[in-house]
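Thanks, everyone. I have one structure to walk through today. Please bring it up on the screen.

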Amino acid sequence: MKEKYLELRELKEKAPRIFGIPTGTKLDEMFFKVELEGNKHVKKPLGGIPHLSVLNITGIPDTGKSLLAEQFAVNQAGLGYKVLFVTVENPANFLYTSMKSKSEAMGIDFSKVERNIVVIDASESEELRENPRALLETMDYAISERKCSNTIIDSVTGLYEHREVMARQIVRLIFNFLKRKRQTGILVSQKRSTQASESAEAAGGLAVAHIVDGTIVLDKRVIESKWESNLYGLPIGQVLRTIRIDGCRLTPHDTRTWVFEISDLGLIEIISPLEEFQKQEEK
Amino acid sequence: MEVIVRPKGGDLDEMAKRVFLESIEVLGGLKKLVEYRNLTWLPTLAEASYVVILRNEGMKTYSEIAKELGITEQTVRNIITANKEKVMEYLRGEIDELREHIAGGIAKIAYERLKKEERLGERIEIGQREAEVLDIDWAVHVLARIKGLEFPVNKEELISRLSNLLIKGKRAEEILESMEYPIKNPADLLHKLKEKLQQT
């Protein structure tokens, strides 16, 4: 009978090494590792999101979730790593245009990006959107044939759009698959209108946040009152964008809310923690 | 940038077929199936196989499965929640009465066995001899011809798909002429064809 339990020491050889997978943003400094130097524990930036982690990026519409996912994809492809990008919302030809402009904005050779990104266009295929098994077998093919080490799904919500009751099963299926295939994964998920914009909750409930290794929450607030204008140091009508890591079970991380902007070139530029941003604006 | 637009696997029809054939093995093979023929009929077993696959591999809700197969949500629920152990006890004669969905229990056992042995992804062809012994060779040909056909379906569409097919010595067009329409789903088609064949 196959053993159904293991002693902890038997897992030593299988335990993955934790290091950072660069995103091309300041998120790379927001995940840490703690190392022993002499007899002191020292906190150092991980240099990216944790290798082999499967993270959820969530936020209300137009907070930059897809931009962040695409920026990560372009950055990784530009570094020579293969990326599998499952597009559920945006047809592949529009994604191509977006990736091209991002590459140019980031100063990355687009021909390298073109070679290193494989796209599964689930936006045009009902079978790929509605049949999780078909999607996973297609992803398996792409990962195995093209040797992808990073996988992005934008958005995972689109895979259970009219059957949210199955969200937990579908996300669990995808999570287990990405772990088995040793992928560093990003799942973009949308929020429902009743869900708090600053929380980790996404369509499908808290199930998604519970299953994945961590959640990155993007939020935005339109400055609507004089009080907010004074608080954030921004004029009325301006948009304040924030990003926060809401938990990561693999590594320690910065828990503060950070302010970011979306540049004219469509890039995510993380500025500073909100508390420092407020002080800066006050000055 | 390479773009993949079509699935490279995950054929739920193929998986349902595997579960169906494995269910026959669960029942003890072809010989036992003859002994049990009053307990469950092949379309019911095929239906249960589809329900199990659509739920576990297709991640479909009860409502979606019911709509796709043309059955009630309650039937779907009965299949999904069938107690496998009780069904096997009943088939072994250890208990006299059973409130469970028999085909559902069998299909669940077959599915779990295929998953455990990693055989769900195998391609299986039903051998001609096995199909004839099961008296389902005609059903296999019908199912192959209607692959991809959208249900519910009317007479004209079916006749065009099954033209020139002989079903137990009879022309398919003749049998189809006398059936009631629309046909809700493949299981309904097989059931009605069998009824017509038994009447003649």
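I will go from the chain contact to one strand, and then to a helix pair. Keep in mind that this is a predicted model.

Let's begin where the two chains meet. How many residues does each chain put into the contact? Chain A gives 26 residues, and chain B gives 16 residues. On the side of chain B that touches chain A, the largest share comes from strand β1 of chain B, residues 2-4. That share is three residues. By class, this side of chain B has seven nonpolar, five charged and four polar residues.

Now look at what β1(B) does there. It pairs with strand β7 of chain A, residues 117-121. In what sense do they pair, parallel or antiparallel? The sense is parallel, and the pairing runs over three bridges. Two positions are worth finding on the screen. A:V118 has B:E2 as its bridge partner. A:I120 stands opposite B:I4.

Stay with β7(A). It has a partner in its own chain too. That is strand β6 of chain A, residues 83-87. Five bridges join β6(A) and β7(A), and these strands run parallel. One pair to pick out here is A:F85, whose bridge partner in β7(A) is A:V119.

Is β7(A) enclosed or open? Five of its five residues are buried, so the strand is largely enclosed by the rest of the structure. The side chains split two ways. A:I117, A:V119 and A:D121 point one way, while A:V118 and A:I120 point the other way. Residues on both sides are buried, A:D121 included.

Over to chain B as a whole. It has three strands and 12 helices. Of its 200 residues, 35% are buried. Take the contacts in chain B between residues at least 6 apart in sequence: 61% of them join residues at least 24 apart.

Last, one helix pair in chain B. Helix α3, residues 42-56, meets helix α7, residues 102-116. Their axes come within 8 Å and cross at roughly 50°. That angle makes α3(B) oblique to α7(B). Which hand does the crossing of α3(B) and α7(B) have, left or right? It is right-handed.

Who makes the contact? From α3(B), the residues are B:T44, B:L45, B:A48, B:S49, B:V52 and B:N56. From α7(B), they are B:A103, B:G104, B:I106, B:A107, B:K108 and B:Y111. By class, this contact has seven nonpolar, four polar and one charged residues.

That's the tour.

How values were computed. Residues numbered from 1 in each chain as written. Chains lettered and ligands numbered in written order. Predicted model: local features only at pLDDT ≥ 70, side-chain atom pairs only at ≥ 80, totals over all residues. Contact = placed C-beta atoms within 7 Å. Helix = DSSP H or I, 4+ residues; strand = E, 2+ residues; numbered from the N terminus. Nonpolar A, V, L, I, M, F, W, Y, C, P; charged D, E, K, R; others polar. Pairing = 2+ DSSP bridges. Axes fitted to C-alpha atoms, helices over the stretch in contact; angles between N-to-C directions. Parallel < 35°, antiparallel > 145°, perpendicular 65-115°, else oblique. Left-handed = near helix turned anticlockwise from the far one by under 90°. Buried ≥ 20, exposed ≤ 12 C-beta atoms within 10 Å, placed from the backbone.
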